[in-house]
Amino acid sequence: MNMRTRVGIIGAGPAGLMLSLLLSMEGIDSIVLENRDREGIESTIRAGVLEQGTVDLMTEIGLGERMKREGSVHHGIELRFDGEGHRIPLSELTNGRAITVYPQHEVIKDFIAARLNQGGPILFNVEDVQVSNISSSQPSLRFVHEHEQMELQCDFIAGCDGFHGISRASIPEAIQHGFSRSYPFGWLGILMQAPPSAEELIYTYHERGFALVSTRSPDLQRMYIQCDPQDDIANWSDPMIVEELQLRLATTNNWQLLVGPIIQKSILAMRSFVIEPMQYVRLFLAGDAAHIVPPTGAKGLNLAVADVRHLARALTMFYKQNRTDLLEAYSTTCLRRVWRAEHFSWWMTSMLHRFLDDDAFQQRMQRSQLDYTVSSRAAATSLAENYVGLPFTW
Ligand code: APR
Ligand code: PHB
């Protein structure tokens, strides 16, 4: 069967769904193709920190209501090392900007509901998506849906299919430049049924490794500990995880971690990756399809949203004013913010983790950086403005 749309979108993650919502507000039709089922994408546990700009955009397009009700606004974070906590007052240092903790799968639920409400097609469980005629002005997407071979003719294709998707590989290798860094550690992430141990997120540097205390709801907590990325989660019993958290988070004033049953645990690898350019003829990459950051700076979802905001604006200018300049500038525009977030995430990661091959000199460097960050208003402001997110115009 043949279909037609203006913008064919591969992937119903935050990037693809937000793009379809923004385009629809401008009267531009799109179709989203997703290879998993709705239940699967609505329940996958991911990060949960929204920058001020992401929150503002969601509010502007009428998707702020549940986030405001169920999410929690944080005006600071704690950096903890040598058994002492140091608050970085995010809002005080950034003219009142803040972050909102609202899990990515809740964002996804809100986006899907809103898009289906607009009557916009999202095809779930599609198989074997392939980009065709990529070098022409009428590219198309071929895929299988409900056992039928389909072809979707498009004016533009948005590759929003995450790091393991197919769209990045559709760009000829000769014009792709990939930049990457892998880290010699991963994060063991858990969900624990317990009340919050602290009002704000705690990022901890400890000789046994990094630990992070985040939250999900008044009775569900999200925590992470640095671990060997090759380790098998089966090697980590629940009491071992709790003990490790307690050791790494211990303070001189006897701070207590509130504990409860662990209901989910897994190990994630950490990497940094960017592809340049993020565009080839009429294929535009956005979100994790084009770049990956380690989770330490909580930037992944926010970068995906910033990309598609630029892409939606560029497509709107194309359809409404016949302008191609913003489309031509898409990659350059996005990459400026992408590299800023890459640096910030790498910097936070480098400052807060134990690198096994670090010598004593390197460890003194880390400690000095931590000390400076929590003691100097200028250094703390730099962390804060990156953490709450630079303005959209950056
Ligand atoms: N065909 C169709 N859909 C695909 C394909 C494919 N070949 N490959 C992947 N997908 C889908 C995935 O199932 C997923 O739902 O594309 C979607 C990509 O979503 P994300 O991986 O969430 O990527 P993105 O929208 O860029 O959002 C980035 O998500 O991975 C987190 O931490 C990351 O917060 C960041 C954010
Ligand atoms: C999370 O809540 O999952 C989270 C919070 C902060 C991070 C990463 C993940 O830096």
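**Notes on the predicted model: a strand, two ligands and a few backbone oddities**

1. Let me start with strand S2 (residues 7-10), where Val 7 and Ile 9 point one way while Gly 8 and Ile 10 point the other, and all of them are buried. Please keep in mind throughout that this is a predicted model. Buried here stands for under 20% relative accessible area, so both faces of S2 are covered by protein at these residues.

2. Which strands does S2 pair with? Strand S3 (residues 30-33) is one partner, in the parallel sense, over 4 bridges. To find the register, look at Ile 9, whose bridge partner in S3 is Val 32. Between these strands the chain passes through H1, and the β-α-β crossover from S2 to S3 is right-handed.

3. Strand S13 (residues 156-159) also pairs with S2; they run parallel and are joined by 4 bridges. Here a handy residue to click on is Val 7, which has Phe 156 as its bridge partner in S13.

4. Now to ligand 1, which has 24 residues around it. Those that come nearest are Glu 34, Arg 46, Gln 104, Asp 288 and Leu 301. By class, the shell holds 11 nonpolar, 8 polar and 5 charged residues.

5. Where does the protein make polar contacts with ligand 1? At Ala 15, a polar backbone atom is 2.9 Å from an oxygen atom of the ligand. Asn 35 also uses its backbone, with an N or O atom 3.2 Å from a nitrogen atom of ligand 1. Arg 46 takes part through its side chain, where an N or O atom is 2.9 Å from an oxygen atom of the ligand. On its own, ligand 1 has 700 Å² of accessible area, and the protein covers 87% of that.

6. It helps to see which elements build this shell. Helix H1 (14-25) and helix H8 (300-321) are the elements that give two or more residues to the surroundings of ligand 1. H8 has the largest share, with 3 residues. H1 is worth a second look, as this helix also carries the chain across from S2 to S3.

7. Ligand 2 has 14 residues around it, and Tyr 203, Ser 214, Arg 216, Tyr 224 and Pro 295 come nearest. This shell divides into 9 nonpolar, 3 polar and 2 charged residues.

8. Which side chains lie in polar contact with oxygen atoms of ligand 2? Ser 214 is one of them, with a side-chain N or O atom at 2.6 Å. Arg 216 likewise has an N or O atom of its side chain 2.8 Å from an oxygen atom of the ligand. For Tyr 224, a polar side-chain atom sits 2.6 Å from a ligand oxygen. How much of ligand 2 is covered? Of the 280 Å² of accessible area that ligand 2 has on its own, the protein covers 99%.

9. Strand S16 (211-217) and strand S17 (220-227) are the elements that give two or more residues to the shell around ligand 2. S16 supplies the largest share, 3 residues.

10. A few backbone details deserve a check by eye. Most residues other than glycine have a negative phi, and most peptide bonds are trans. In this model, Glu 276 and Pro 277 are joined by a cis peptide bond, with omega about -10°. Pro 277 is found in the loop between strand S18 (262-276) and strand S19 (279-280).

11. His 147 is not a glycine, yet its phi is positive, about 70°. You will find His 147 in the loop between strand S11 (140-145) and strand S12 (148-153). Is His 147 buried or exposed? His 147 counts as exposed because its relative accessibility is 80%, and the cut-off for exposed is over 50%.

12. Ala 298 also has a positive phi, near 60°, without being a glycine. This residue lies in the loop between strand S21 (291-292) and H8. With 13% relative accessibility, Ala 298 counts as buried.

13. Finally, a look at Phe 179 in strand S14 (residues 177-192). Why does Phe 179 count as partly exposed? Its relative accessibility is 35%, which falls between the 20% and 50% limits. Phe 179 is 18 residues from Asp 161 in sequence, and their C-alpha atoms are 19 Å apart in space.

How values were computed: Residues numbered from 1 in each chain as written. Chains lettered and ligands numbered in written order. Heavy atoms only, no water. Near = heavy atom within 4 Å. Polar contact = N/O pair within 3.5 Å; in protein donor to acceptor, adjacent residues only side chain to side chain. Areas by Shrake-Rupley, 256 points an atom, 1.4 Å probe, with all protein chains shown as cover. Nonpolar A, V, L, I, M, F, W, Y, C, P; charged D, E, K, R; others polar. Buried < 20%, exposed > 50% of the residue type's maximum accessible area, 1.4 Å probe, protein only. Pairing = 2+ DSSP bridges. Right-handed = clockwise from strand over helix to strand, strands pointing away.
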